[in-house]
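The report below looks at how the parts of one protein chain are held against each other, with attention to its domains, its salt bridges and two of its buried side chains.

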Amino acid sequence: MAAKFKALHLYTAPLSGCSARIRITAHLKSIPLTYHTIDFSKAEQSSAAYLSINPNGSVPSLTVETSSNERFTITQSPAILDFLSTHFPNPPLIPDKERPRERARVMELASLVACDIQPPQSSRIRKKIDQDFGGDGEMWARWVYERGFGVYENFVVRGRKEMGNGRYSVGNEISLADVFLVPAIQGGLRVGLDVGKWPILQGIVDECWRLEAFRKGGLGRHGKLVP
């Protein structure tokens, strides 16, 4: 634990891809977190107690206790990851400024998941489609995943033409792109996607899954959620 922090409390849910990004990162960087599970099946995310922590009623949330007895909460996974990467820099998950192309490609891929794949088919959106708009939320989610994974694979192909082949999303080093990709792939498995349609992505995920951090921090090594 960095000397300036007494405790880091992560509010998380087992099947939350956004929470999984934080859990994987914490395992990769050996960051000691205190975990608090929010049970969505019991609507705990909408309880007064949790809304006092995160008014958006979403996970993850990270409550920081400092050595000077200050306490504050960060919500949204990119903001939490920025905080953790700033105070726990090793191993780095974003290439440094001396490698501008690799850095740009990592951020491009992570942003694709964070902006174009995860939000449009979140559980909140799917529920709204099912209950209020007479649609099929799961079918919508499959379309979002299929389109997004196809784009991700094309971006990886472009990057490998520029910089050479590698084991992971960008080169041979684990990066933030992989931390975002693996939980998204697991989310796709939950709605019945065949990841084999994207052989390059399948290869990247297979490499990531060899690492304990992904197995411990991802959406769970059980049933169809195993990539």
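A residue is called buried when its relative accessible area is under 20%, exposed when that area is over 50%, and partly exposed in between. By this rule Arg167, at 41% relative accessibility, counts as partly exposed. The structure discussed here is a predicted model.

**Two domains and their interface**

The domain assignment divides the protein into domain 1, covering residues 10-87, and domain 2, covering residues 100-217. The C-alpha centres of domain 1 and domain 2 lie 21 Å apart, and 14 residues of domain 1 are in contact with 14 residues of domain 2. Between them, domain 1 and domain 2 bury about 1,300 Å², with 67% of that area on carbon and sulfur atoms. On the side of domain 1, Arg21, Ile24 and His27 lose the most area to domain 2, and together they account for 44% of what that side buries.

As for polar links, the count between domain 1 and domain 2 is two residue pairs in polar contact, while zero salt bridges are found across this interface. Helix H1 supplies nine residues, the largest share of the side of domain 1 that touches domain 2. By class, that side of domain 1 has six nonpolar, six polar and two charged residues.

**Two buried residues**

Ser19 belongs to helix H1, which spans residues 17-29. With a relative accessible area of 0%, Ser19 is buried because this value falls under the 20% limit. Leaving aside residues up to four places away in sequence, Ser19 touches Tyr11, Thr12, Ala13, Val59 and Pro60.

Val106 is found in helix H4, residues 100-117, and at 1% relative accessibility Val106 also counts as buried. Its contacts, again not counting residues up to four places away in sequence, are Leu93, Pro95, Val170, Ser175, Leu176 and Ala177. The C-alpha atoms of Val106 and Gly159 are separated by 9.8 Å, although these residues are 53 residues apart along the chain.

**Salt bridges**

A search of the whole structure finds ten salt bridges, and three of them are set out in the table, with the distance between the closest N and O atoms.

| Acidic residue | Basic residue | Closest N and O atoms |
|---|---|---|
| Glu173 | Arg99 | 3.4 Å |
| Glu162 | Arg105 | 2.7 Å |
| Glu207 | Arg167 | 3.4 Å |

The salt bridge of Glu173 with Arg99 links distant parts of the chain, 74 residues apart, since Glu173 sits in the loop between helix H6 (137-163) and helix H7 (176-190), and Arg99 in the loop between helix H3 (77-87) and H4. Both partners are partly exposed, Glu173 with a relative accessible area of 47% and Arg99 with one of 31%.

For the salt bridge of Glu162 with Arg105, Glu162 lies in helix H6 and Arg105 in helix H4, so the pair ties together parts that are 57 residues apart in sequence. Glu162 counts as partly exposed at 32% relative accessibility, whereas Arg105 counts as buried at 16%.

In the salt bridge of Glu207 with Arg167, Glu207 lies in helix H8, residues 199-209, and Arg167 in the loop between H6 and H7, so parts that are 40 residues apart in sequence are tied together. Salt bridges that share partners also join Arg105, Glu108, Arg158 and Glu162 into one network.

Notes: Residues are numbered from 1 along each chain as its sequence is written. This is a predicted model: local features need pLDDT of at least 70, side-chain atom pairs count only at pLDDT 80 or more; totals for chains, interfaces and linings use all residues. Side-chain values use heavy atoms; hydrogens and water are left out. Helices (H or I, at least four residues) and strands (E, at least two) are DSSP runs, numbered from the N terminus. Buried means under 20% relative accessible area, exposed over 50%, partly exposed in between (1.4 Å probe, protein chains only). Contact means heavy atoms within 4.5 Å. Domain bounds come from an automatic or database domain assignment. Buried area is the accessible area (1.4 Å probe) that two parts lose on being put together, summed over both. A salt bridge is a side-chain nitrogen of Lys or Arg within 4 Å of a carboxyl oxygen of Asp or Glu. A polar contact is a pair of N or O atoms within 3.5 Å; within protein, one must be able to donate a hydrogen and the other to accept it, and residues adjacent in sequence count only if both atoms are side-chain atoms. Ala, Val, Leu, Ile, Met, Phe, Trp, Tyr, Cys and Pro count as nonpolar, Asp, Glu, Lys and Arg as charged, and the others, Gly among them, as polar.
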